[in-house]
Amino acid sequence: MNRQWNDLTISDELHEECGVFGAYDLEGGDIANWVYYGLFALQHRGQESCGIAVSEHRDIRYYKDMGLVNEVFTAENLNRLHGDIAIGHVRYSTAGSSVRANAQPLVTKYIKGTLAIAHNGNLVNAVDLREKLERSGAIFQTTIDSEVIAYLVARERVGSRSVEEAVGKAMQHIRGAYSLLVMSPRKLTCARDPYGFKPLCIGKKDSVYVVASETCALDAVGAEFIRDVLPGEIVTITADGLQSNTQYCNKKPARCIFEYIYFARPDSVIDGAVVFDARIAAGKILAQTHPVEADLVVGVPESGNVAAMGFSLASGIPYGQAFVKNNYIGRTFIKPGQSLREQSVRIKLNVLKSVVEGKRIVMIDDSIVRGTTSARIVQMLKNAGAKEVHVRISSPPFKFPCYFGTDIPSGDQLIANHHSVDGICELLGADSLGYLDVNRLGEMVGGLDYCDACFTGNYPVDPPKRDIRGDFES
Ligand code: SF4
């Protein structure tokens, strides 16, 4: 893969790299529509491609393409997807000729039939596994690590009594992050890696079981939350209901803390911790640890908004809206030329001049990657007449790349590896800068175990010996 960093508008905006949704109607009704609505609610997890696969009798059909859910699916192509079991996927990917082929679900035909797979996360040993498999004659159609999982599940299925047994055997080979849906003609098998990096939850409405990356997608289809899939658990949904296998739940979980800071929707609940509450807590901690005299607290949309409310609650400084965001920039947006580059943040974000003029502003954002965007936003506030801009970041400084499915770039591209906090503050043109204390991250999630490797370098799973993030996508 040639990862092309999105330099279009907010050049150091981070991306989640996938969302999954599955549904099984025990009474045999068509279910593709449910997956459509579920994916729609998960659109924030991936905007470049999406797809739905359905199982009708013993046949698996699918439709996938580049684009947003409402661009790819029409009433016509959705109506052609009949079946009572379905899985879907939304994906963030990169530009390039092969990306369409990399859209998911992946549908694999093998000697025992057909499997469809949807995967959120990144494996750290995908390159090694793939090389080994290729040396033994395997042929791959895509450049995504999910195909390695599909291949392993299909291979293990040949000598297993069931798909879930094959998934368990495949889990013994793969390392890294995966929340996985595997659809076989009469079963929906769901698995979460033993660290639980990525979320996965189960809900039910009437005769329909649903499985989703986030609870906001359960809400979208009116399903009631049943429970999260445990880190390391395999849950199988059949006509007889749910079955659980917890034999691989033997690791200390390492949930991605950045789900709570940025990725997940604030109306989602992951492993019992409410994302909205986590962001409020981050804002409150920032107000305690980096207090400042100011007139107004504002958030950089979207994830900065909730943390800004938390800051306001703890500091007593009024909360306001300073930015208007254009949410309609699609995949085909034409990148501005160099002459417009400096204006490019404005295409996505504009300042409400009347709100900030003459005021001392506390601006809360979720992270700083390279610093270019934050500098432009600070400048926009100052140009609009803000007297002072105090930047508060609801995460610690990024110092290390992520190998588990977040596109945090390599360490040399991260501003915090080259400058002190004061130096960054100066580069941003801010009046002060404060980050969330890395030792207080746990307070956001009420004592859950979490991964903070992009801040600390303490990887729960050994990272690959070389940076494979250019070779595989999730
Ligand atoms: S390294 Fe950071 S972004 Fe990656 S899983 Fe860990 S906390 Fe999440």
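1. A search of the whole structure, which is a predicted model, finds zero disulfides. In other words, the search turned up no pair of cysteine sulfur atoms within 2.5 Å.

2. Two cysteines may be looked at individually. Cys190 has a relative accessible area of 0% and is therefore buried, since the word applies to values under 20%. Cys454 has a relative accessible area of 9%, so Cys454 also counts as buried.

3. The next point concerns a pocket. The second largest pocket has a volume of about 340 Å³, and of the 15 residues that line this pocket, those closest to its centre are Leu106, Val107, Gln141, Thr142 and Glu147.

4. Which elements each supply at least two residues of the lining of the second largest pocket? They are strand 3, covering 59–66, strand 5, covering 106–110, and helix 5, covering 145–158. Strand 5 gives the largest share of that lining, with four residues.

5. As for its chemical character, the lining of the second largest pocket divides into eight nonpolar residues, three polar residues and four charged residues.

6. Asn458 deserves a separate paragraph. This residue lies in the segment after helix 16, the helix that spans 453–456. Is Asn458 buried or exposed? With a relative accessible area of 53%, Asn458 is exposed, because that word is used for values over 50%.

7. A last point sets sequence beside space. Asn458 and Phe400 are 58 residues apart in sequence, while the distance between the two in space, taken from C-alpha to C-alpha, is 9.3 Å.

Key: Residues are numbered from 1 along each chain as its sequence is written. This is a predicted model: local features need pLDDT of at least 70, side-chain atom pairs count only at pLDDT 80 or more; totals for chains, interfaces and linings use all residues. Side-chain values use heavy atoms; hydrogens and water are left out. Buried means under 20% relative accessible area, exposed over 50%, partly exposed in between (1.4 Å probe, protein chains only). On a 1 Å grid over the protein atoms alone, a cavity is a set of points where a 1.4 Å probe fits but cannot get out, and a pocket is an open set with protein on both sides within 12 Å along at least five of seven lines; lining residues have an atom within 4 Å of a point. Grid points are joined across faces, edges and corners, and a volume is the space filled by probe spheres set on the points. Ala, Val, Leu, Ile, Met, Phe, Trp, Tyr, Cys and Pro count as nonpolar, Asp, Glu, Lys and Arg as charged, and the others, Gly among them, as polar.
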